[in-house]
Amino acid sequence: MRILSNNPSEDSFFVEITWDEFRQLAVKYEIDVQEKYAIGSLLKQAVENMAKQRGPYNMLWSSGSLTPQKVGVFCEYYAKMTLISYGVNIYTSEIDDHGIDFIAEGRNGFLKFQVKGIRGSSQYVFMPKEYFNIADDAMFLLLVLLIDEEHPDMYIIPTSAWRQKNSVFVSHDYEGKKSKSEYGVNVSRKNMPALEKYRIRNMLSLF
């Protein structure tokens with residue numbers, strides 16, 4: 001929806017905002033949603049702040065125009081740029097080398113990353129076992145979680161997470177079937193506490 005602010009002390013302007021966002025702001029700032037006149041500078045400031053929080057990119061991750069391939073490309077670049085923002089040196093190749101999307105310089109040596117992106121809070125993501133060696137301490141899954149209208153969440157998960165049997169970090173062998181053996185992550189609201197310790201801010205000591 002488009003809302004017109006027409007405060008006598010300021011220029012008129014239009015802002016783009018969803019109805020739910022407007023209702024939330026109206027409650028927060030005690031604005032009468034039935035008012036037919038100016039919203040005023042208070043709402044203007046609130047909406048501008050919200051626009052800044054959204055960032056310069058689209059955050060409607062469920063959009064049909066975002067194919068799985070495009071989501072994958074975005075997540076890989078986002079992961080690299082996020083680590084670079086912390087001063088981490090990144091080394092990459094245009095060719096996917098055996099499941100390694102990029103290498104980063106860690107505190108104790110080079111670290112290998114496989115990037116996976118998922119949309120929504122309940123998904124399953126997997127890596128073929130032939131490209132994800134859980135005996136390799138330098139190998140990590142960098143999981144990017146995309147939820148509509150939220151900035152991406154990033155998790156740096158070490159291979160050690162799969163060395164003990166559990167319901168979050170799983171292993172499937174599919175013997176006698178066409179599907180290749182894989183390691184996977186069951187992402188759900190119930191399992192988020194198990195992922196929390198791997199959130200990027202908790203893993204920066206690697207670098």
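Q: Which residues touch the most other members in the largest nonpolar core?
A: This is a predicted model: local features need pLDDT of at least 70, side-chain atom pairs count only at pLDDT 80 or more, and totals for chains, interfaces and linings use all residues. Residues are numbered from 1 along each chain as its sequence is written, and side-chain values use heavy atoms, leaving out hydrogens and water. A nonpolar core is a set of buried Ala, Val, Leu, Ile, Met, Phe, Trp, Tyr and Cys residues joined through side-chain atoms within 4.5 Å; buried means under 20% relative accessible area, exposed over 50%, partly exposed in between (1.4 Å probe, protein chains only). Among the 42 members here, the most-connected residues are Leu-142, Ile-157 and Trp-162.

Q: Which element gives the most residues to this core?
A: Helices (H or I, at least four residues) and strands (E, at least two) are DSSP runs, numbered from the N terminus. The elements giving two or more residues are α3, β4 (100-106), β5, β6, β7, β8 (153-158) and β10. The top contributor, with 8 residues, is β7.

Q: Which residues does Leu-142 touch, not counting residues up to four places away in sequence?
A: Contact means heavy atoms within 4.5 Å. Leu-142 is a member of the largest nonpolar core. Its partners are Ala-79, Leu-83, Phe-102, Phe-113, Gln-114, Val-115, Lys-116, Met-154, Tyr-155 and Ile-156.

Q: How many helices and strands does the chain have?
A: From the N terminus on, the order is β-β-α-α-α-β-β-β-β-β-β-β-β-α. That gives 4 helices and 10 strands.

Q: How many salt bridges does a search of the whole structure find?
A: A salt bridge is a side-chain nitrogen of Lys or Arg within 4 Å of a carboxyl oxygen of Asp or Glu. One of them joins Lys-80 and Glu-76, at 3.2 Å from N to O. The search finds 8.

Q: Are Lys-80 and Glu-76 buried or exposed?
A: The two residues both lie in helix α3 (residues 68-85). They sit 4 residues apart, about one turn of the helix. Lys-80 and Glu-76 are both buried.

Q: How many residues apart are Asp-136 and Lys-112?
A: Asp-136 forms a salt bridge with Lys-112, with the closest N and O atoms 2.4 Å apart. The pair links distant parts of the chain: Asp-136 is in the loop between β6 (123-128) and β7 (139-146), and Lys-112 is in strand β5 (residues 109-119), a separation of 24 residues.

Q: Why does Asp-136 count as buried?
A: The cut-off for buried is under 20% relative accessible area. Asp-136 falls below this cut-off, so it counts as buried, with a relative accessibility of 18%.

Q: Where is Asp-173, the salt-bridge partner of Lys-129?
A: The side chains of Lys-129 and Asp-173 meet at 2.6 Å, N to O. Lys-129 is in the loop between β6 and β7, 44 residues from its partner. Asp-173 is in the loop between β9 (169-172) and β10 (182-187).

Q: Which residues does Arg-199 touch, not counting residues up to four places away in sequence?
A: Arg-199 is found in the segment after α4 (192-196). A network of salt bridges links Asp-153, Glu-196, Arg-199 and Arg-201. At 15% relative accessibility, Arg-199 counts as buried. Its contacts are Asp-153, Met-154 and Tyr-155.
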